[in-house]
Structure formats: C-alpha cells, structure tokens
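Trainee: I am new to this structure. Please choose one part for a close look, and then follow its surroundings outward.

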Amino acid sequence: MPSIIEPKIISGNANLPLATSIARRMSMHRGMNIGLVDARVERFNDQEIFVEVYENVRGEDMFIIQPTSNPANDNLMELLIMSDALRRSSAARITAVIPYFGYARQDRRSKARTPISAKLVANMIVESGIERVLTMDLHAAQIQGFFDIPVDNLYASPIFALDILHQFKGQLSDVMVVSPDVGGVARARELAKRINAPLAIVDKRREKPGEIAEMTVIGDVSGKKCIIVDDICDTAGTLCKAAEVLMEHGATEVHSYITHGVLSGPAVERITNSVMKSLVVTDSIHAPEPVRNASNIRIVPTAPMFAQAILNIWNGTSVSSLFETETLTPIYEGMYFT
C-alpha cells in the first residue's frame with residue numbers, strides 16, 4: 001500500500017543542480033511543491049565533514065542525492081555521514097540516489113594483491129543505514145550483487161534512443177551503433193535494438209595499461225554515421241582514438257553517447273580537437289565550466305527519469321517500467337516531442 005507520507009529529498013554538494021532539477025520534476029508530477037530538505041554539509045578546518053539537518057525527518061521516506069564523482073572520497077563520505085545523520089534522526093527509510101557510482105571500475109581483482117573496492121564501498125553504504133540504492137548504468141551489472149539491500153540500476157540507453165531519434169530524424173538508415181570494446185557489446189546492442197540500427201565493434205589490444213597498441217573495426221562502417229556508446233569517459237584517449245579509426249575506415253561522421261562524463265585531465269581538450277562531431281553525456285556528474293562551454297559536448301538531463309524512479313520507489317510501483325520507451329516517452333515529451 002502506498003505510504004501517506006511524502007518523499008523527501010536531501011542533497012550533498014556533489015551535484016546540487018541535478019538534485020534541484022529532480023525536486024522540480026517531482027513537484028510537477030505530484031502537483032505540489034517538493035523542495036530539498038534544509039541542511040548544511042560543511043567542512044571543518046581540517047576538512048572533516050559535518051552535516052546538520054534543520055528539518056524534522058522522523059518517520060519520513062528520505063532520498064539522498066549524491067553521486068560519488070570527483071572528488072570521489074569526499075563525496076562518498078558526505079553520503080555516508082548524511083545517511084548516519086538521517087538514521088539517528090529516526091527517518092523511516094533512507095534511499096541513496098547515486099547517479100554515478102564511483103569505484104565501480106574496481107569490481108574484481110585484475111591482478112594479484114589488489115582490492116575489490118566496489119564491494120568495500122557497497123559494505124560501507126549498507127553499514128551507514130541506507131536501505132536501498134538507486135543508480136544509473138553501473139560499470140558492471142554484477143555490482144548489484146555486492147549489496148545486501150535492493151539496488152535499482154537505471155539505464156541511459158532509453159534516453160539516448162530518444163535523443164538519437166530526434167537528432168538523426170530522417171537519417172536513421174545511415175546510423176550505425178559502435179561499441180568501443182568487446183566488453184561493451186551488450187550495452188551497444190541494447191541501444192542499436194532500440195533505434196533499429198546495425199552494430200559494429202572496435203576491438204582494441206593493449207601492450208600495457210594506458211597504451212593502446214592496435215585497434216580493429218569489426219563490421220563495415222563505410223558511409224555510416226557512427227555512434228559510439230559507452231558508460232564512462234574518463235581521459236577520452238580511447239574514445240578519440242576509436243573515432244579516428246572509424247573515420248579511417250570510411251565513416252562519414254562520428255558521434256559519442258556516454259552516460260558518465262568523468263572527463264578528467266586533458267579530456268575536454270582532446271574531445272574539442274578530435275574528429276568527433278559531438279559527444280553527448282548525461283548530467284549524472286556535475287559538468288564544470290570547460291565541459292559546458294565545449295563546442296562539441298552536449299548534456300542531456302536525467303532528472304525526469306530519476307524523479308519518476310523516486311516516485312515509483314516511494315509509492316511501491318515498478319521501476320523497471322522506465323526501461324520501456326512507451327513509459328519514458330511521456331516523461332521526456334516536452335524535450336523531444338513538441
């Protein structure tokens with residue numbers, strides 16, 4: 001049975017614009033004002049994190065919006081400390097909305113004497129009092145099994161599909177979806193199926209970590225508008241190299257759709273100077289000014305999807321329904337269908 005209490009949202013400092021947008025979208029859906037819970041998340045002089053919640057949250061259904069992006073350790077600690085503050089304030093349920101789950105790339109032991117940091121972070125989240133996690137495009141789906149609490153993993157591919165259908169209207173017969181490596185084939189195939197496009201793969205071989213020795217294109221991309229799809233773009237070295245290889249193999253244009261735009265170090269400069277016509281990222285990570293000002297980088301919003309997912313969790317209805325285009329289309333109607 002749906003609860004009679006209203007969902008309440010609190011945000012750390014990692015991505016306040018996204019949290020504000022989610023609250024605004026929830027207000028539209030509910031027909032009543034839903035704002036962020038009044039709180040302060042500050043640092044002492046030695047950079048210890050301090051949280052104080054100014055509103056009564058006893059018995060409330062709380063949602064903490066906090067991606068663990070750069071600085072990953074600070075943002076993770078903010079999430080844990082906010083959860084502890086809410087638990088000790090007798091919140092009825094605490095759900096962590098983590099649009100970008102940091103440490104997800106450390107999901108296995110890649111060599112001897114290395115940690116599985118994703119599991120460690122999952123244990124910390126559970127111990128802090130969080131009872132459910134809502135995230136988007138985990139780097140590896142099996143990370144859901146690292147948690148002993150429910151995990152709802154949303155996908156950006158339905159949003160990307162709507163954007164591609166809008167941006168390439170009348171040109172879809174020329175579009176080809178490309179996976180930048182063999183490990184991302186399932187993700188690329190899912191998007192290709194949604195837009196009814198063929199699939200190609202860029203197979204890369206590394207001589208040593210961080211250096212790509214050779215790239216091979218599997219599939220005929222000549223005369224195609226190629227769309228590279230991946231979950232994370234960090235320094236953009238592999239992405240820009242893959243775009244060059246596709247152009248060398250006869251592609252007419254190369255675009256990229258990446259869920260989490262980490263874009264660290266020289267990434268923005270590389271993308272700006274690359275052969276890629278456009279890079280599309282979501283706002284799961286707050287984009288700094290160089291990213292927002294880049295001529296060939298575009299940001300698509302996730303707030304409509306997260307707002308609906310939070311409302312579905314709150315009232316006990318299906319979250320997986322948001323994977324379907326028929327469900328998501330009305331949510332993004334004002335953006336792509338006016």
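Mentor: Let us begin with the sheet, then turn to the helices, cores, loops and side-chain pairs.

First, some reading notes. This is a predicted model, in which local features need pLDDT of at least 70 and side-chain atom pairs count only at pLDDT 80 or more, while totals for chains, interfaces and linings use all residues. Residues are numbered from 1 along each chain as its sequence is written, and side-chain values use heavy atoms, with hydrogens and water left out.

The part to look at is an open sheet of 5 strands, in the order β1-β4-β5-β6-β7, with parallel pairing. Strands here are DSSP runs of E with at least two residues, helices are runs of H or I with at least four, and both are numbered from the N terminus. Two strands count as paired if DSSP finds at least two bridges between them. At the edges are β1 (7-11) and β7 (151-154), each pairing on one side only. From one strand to the next, the twist averages 20°; such angles run from 0 to 180 degrees between N-to-C directions, with axes fitted as lines to C-alpha atoms, for helices over the stretch in contact. For a closer view, go to β6 (residues 132-136), which runs parallel to β7 and is joined to it by 4 bridges. One residue to find there is Thr135, whose bridge partner in β7 is Asn153.

Now look at what packs on this sheet. Helix α1 (residues 16-30) touches β1 and β4 (61-65), and its direction makes about 165° with that of β1. Contact means heavy atoms within 4.5 Å. Helix α9 (residues 303-315) lies across β1, β4, β5 (93-98), β6 and β7, and runs at about 160° to β6.

Nonpolar side chains gather here too. The largest nonpolar core has 47 residues, and those with the most contacts inside it are Ile22, Met26, Leu134, Leu154, Met305 and Tyr332. Helix α9 gives the most to this core, with 9 residues. A core of this kind is a set of buried Ala, Val, Leu, Ile, Met, Phe, Trp, Tyr and Cys residues joined through side-chain atoms within 4.5 Å. Buried means under 20% relative accessible area, exposed means over 50%, and partly exposed is in between, using a 1.4 Å probe and protein chains only. Leu134 is a good residue to click on: setting aside residues up to four places away in sequence, its contacts include Val97, Leu154, Phe306 and Ile310. Another core lies apart from the largest one; it has 33 residues, among them Val37, Ala91, Ala96 and Ile130.

Next, step off strand β4 into the loop that leads to α2 (72-88), where Ser69 lies. Ser69 is buried, with a relative accessible area of 4%. Beyond its neighbours within four places in sequence, Ser69 is in contact with Asn75, Tyr100 and Ile285. Pro71 is found in the loop between β4 and α2 as well, and the peptide bond from Asn70 to Pro71 is cis, with omega near 0°.

At the β7 edge, a ring pair is worth a look. The whole structure holds 4 aromatic pairs, counted when rings of Phe, Tyr and Trp (its six-membered ring) have centres within 6.5 Å; planes under 30 degrees apart are stacked, over 60 edge-to-face, and the rest tilted. Tyr155 and Phe323 have ring centres 4.9 Å apart and planes at 70°, so they form an edge-to-face pair. Tyr155 sits in the loop between β7 and α4 (157-167), and Phe323 in the loop between α9 and α10 (325-331), so the pair ties together parts 168 residues apart in sequence. Tyr155 counts as partly exposed at 32% relative accessibility, and Phe323 does at 22%.

Last come charged pairs. The search finds 18 salt bridges in the whole structure, each one a side-chain nitrogen of Lys or Arg within 4 Å of a carboxyl oxygen of Asp or Glu. One of them joins Arg43 and Glu78 at 2.9 Å, N to O. Arg43 lies in strand β2 and Glu78 in helix α2, so this pair ties together parts 35 residues apart in sequence. Arg43 is partly exposed at 28% relative accessible area, whereas Glu78 counts as buried at 1%. Finally, Lys8, Glu55 and Glu60 are linked in a network of salt bridges.
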